[in-house]
Amino acid sequence: MAVDLRLSCRIKQKPTTIYKEPDHLVTPGDVITTDTGFMRGHGTYMEDDKLYASVAGTVERVNKLICVQPLKSRYSGEVGDVVVGRIAEVGQKRWKVDTNSRLDSALLLSSVNLPGGELRRKTAEDELMMRQYLSEGDLISAEVQAVFHDGALSLHTRSLKYGKLSQGTLVKVSPSLVKRRKTHFHNLPCGASVIVGNNGYIWISPTVNEEADSTGGFVQDLNPVATADREVVARLHNCILAMARHRMMLSDTSIIYTYEASLAIGSLVKDLLKPEMESEVVTMARERLETES
Amino acid sequence: MTDLLLSEAEKMFIIHGVQDNLRVDGRSCDDYRHIELETDVVSSANGSARLKLSQTDVLVGVKADLTTPPTDNPDVGTLEFFVDCSANAAPTFEGRGGEDLARDISSTLARAYSSDRCSSSMLKALCVVPSEQCWVLYIDILILECGGSLYDAVSIAVKAALSSTKVPVVKVTSSDGGKPELELSDDPYDSLRINVKHAPCNVTLSKIGHSHVVDASLEEEVCSLASLMMAVTEEGTVTMLKKSACGSLHPESIYEMLETGKNVGLNLNKQLTRQLLDEECLHTQMGTNREPKGFL
């Protein structure tokens, strides 16, 4: 029975030594340049021939184009991104999916693999069965198929690696912390799988063996998860939250390093909720990343 | 509170985790998340506190005013609770959306503080002239962010804010024609402190599956069918008991929950008192040099 109640002033924020502040950091209203020779990009606006930042973030320049990359924003998708989303609404021939973007994404009935995996045209019966496949609140992993003209995303799950997610836990972080990688599905050596969605939704689940899970997630195993697996998932959950809080980029390597750092200092899973433990673990992982790259 | 959706599998994962006494974030069933507390954050209030319980963020301000005491209790001061749910906390709070919740929190607090023990030790001191003048403390609670177990966070913050409250000392000089004349002390540091020894802290126990947990996160609150709220004082007296949500509770499990709630409440109060003492020491040491951390 632990109550960890502390005063704000007693919480020591250890300055992370190797962390260096990014160059060209701006806040909304900051003048980026008074030179009129540049082009106005995302996150900027022009007034009296001066270029101002309209979001907080880092200034990026490509030739004559100046944009500000926001530090915290909603997810703006690109074709091919892997996302994790939650079904918000079942509609006509489509599901509305919450993917942390400005508008709900659409998952068309024609762009899912139906249970059983056979490929065929979708019939009116399938349309009536939509809620049986995916209902409100269900989590899915999917790929961005197209971006509509208004910025909304169209998703697809036409591969066995995508589909409905079973038991596990979702962590929400800022999408700017997720690096674009070749693969976003990771079976970590510690016995858990992680899907690092480009939209900042991260799914952690106990690893299931491959051949059993060839149904696209439509058959779910709701048996209790072993305590050892659960502990791994919980530890990863806390590690990822700690990394997000300390603005550390998320990739499979950095997640594993943080996880191993947390084991190395011999902390209990719940100890990772304490701020000093968080910063210690993240600092250790950062140092290791730095030395090994 | 918030319309958070969870899939069946996620709910199963949470429920089985509670059964295993290992929750999604590694806590056991009777663990609280990390709580961060700061008092005296609002300089214009008589007392204030800001509390962060993981994502839950609460700001409490206390303002003292003179008023005539209630006729049925002429020798005590009064407490007035007012809760404001900021639309920043949840989009559903926009406009009048948060009013139901706000009313519920303030009535729960008022009930918790209405016990005899509490009023005799705390509110007696707020009386200036019996049946003529007394202090009323307006306790304004601002909910900035919701991340589960809001009632607990609010009650701890209220207790902390009350303990930091400084009510000016008032002298009754003369009473010509039956009307007492009040004189405020010239020294701004000459102030009356409130004894919060008997102020209760709220402990919410949420029934999830066959077990119960304290300090449920938003996800866990979705999985819980019924919960029991109890206000526990430092001595273990339960001053308020309330069942919320639609589900039912078995009498046996109520006994179990009461037992856990009491133990957790005792521990919570003990920790809080220790931290408040520490804060008090810091204040006297640093004096006006203290830099409040506030919202930075």
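Below is a set of questions and replies on the contacts, strands and annotated spans of chains A and B.

Me: What kind of model is this, and which residues count?
Reply: It is a predicted model: local features need pLDDT of at least 70, side-chain atom pairs count only at pLDDT 80 or more, and totals for chains, interfaces and linings use all residues. Residues are numbered from 1 along each chain as its sequence is written, chains are lettered from A and ligands numbered from 1 in the order in which they are written, and side-chain values use heavy atoms, with hydrogens and water left out.

Me: How do you know that chain B is in contact with chain A, and how many residues take part?
Reply: Contact means heavy atoms within 4.5 Å. By that rule, 38 residues of chain B touch 41 residues of chain A.

Me: What is the area buried between chain B and chain A?
Reply: About 3600 Å², with carbon and sulfur atoms giving 60%. Buried area is the accessible area (1.4 Å probe) that two parts lose on being put together, summed over both. B:L5, B:F13 and B:H34 supply 19% of what chain B buries against chain A, more than any other three residues.

Me: Why is the pair B:D31 and A:K270 called a salt bridge?
Reply: The rule asks for a side-chain nitrogen of Lys or Arg within 4 Å of a carboxyl oxygen of Asp or Glu. The closest N and O atoms of B:D31 and A:K270 are 2.8 Å apart, so the pair qualifies.

Me: What makes A:R230 and B:D20 a salt bridge?
Reply: Their closest N and O atoms are 3.7 Å apart, so the pair passes the same rule. The pair crosses between chains, from A:R230 in helix α3 (residues 227-245) of chain A to B:D20 in the loop between α1 and β1 of chain B. The count between chain B and chain A is 3 salt bridges. Over all chains it comes to 26.

Me: How many residue pairs are in polar contact across the interface of chain B and chain A?
Reply: The rule finds 13, both residues at pLDDT 80 or more. Helices (H or I, at least four residues) and strands (E, at least two) are DSSP runs, numbered from the N terminus. On that basis α1 (8-19), β1 (35-39) and α6 (251-286) of chain B are the elements that give two or more residues to the side touching chain A. α6(B) gives the most, with 10 residues.

Me: Why is the contact of B:D40 and B:H283 called polar?
Reply: A polar contact is a pair of N or O atoms within 3.5 Å; within protein, one must be able to donate a hydrogen and the other to accept it, and residues adjacent in sequence count only if both atoms are side-chain atoms. The side chains of B:D40 and B:H283 are joined at 3.4 Å, so the distance fits. B:D40 lies in the loop between β1 and β2 (47-53) of chain B. Leaving aside neighbours within four places in sequence, B:D40 is in contact with residues including B:S164, B:K166 and B:R290.

Me: What makes strand β1 (residues 5-7) of chain A and β1(B) a pair?
Reply: Two strands pair if DSSP finds at least two bridges between them. Here 3 bridges join them, so they pair; they run parallel. A:L7 stands opposite B:L37 in β1(B).

Me: Which strands of chain B pair with β6(B), and over how many bridges?
Reply: Strand β3 (residues 56-67) joins strand β6 (residues 133-145) by 11 bridges, antiparallel. Strand β4 (residues 78-85) pairs with β6(B) in the parallel sense over 8 bridges. Strand β5 (residues 127-129) joins β6(B) by 2 bridges, antiparallel. Bridge partners in β6(B) include B:V136 for B:D65 and B:Q133 for B:V129. B:F81 stands opposite B:I139. In the hairpin of β5(B) and β6(B), with 3 residues between the strands, B:S131 takes a positive phi near 55°.

Me: How do you know that β7(A) and strand β8 (residues 65-70) of chain A pair?
Reply: They share 6 bridges in the antiparallel sense, so the rule is met. A:V59 stands opposite A:V68 in β8(A). Their hairpin has 2 residues between the strands, and A:N63 takes a positive phi near 50°.

Me: Where does UniProt place "domain: Exosome complex component N-terminal"?
Reply: The unreviewed entry gives residues 25-62 of chain A. UniProt positions are in the numbering used here, feature names are shortened, and annotations may be inferred rather than shown by experiment. In the model, residues 25-62 of chain A are 0% helix and 55% strand.
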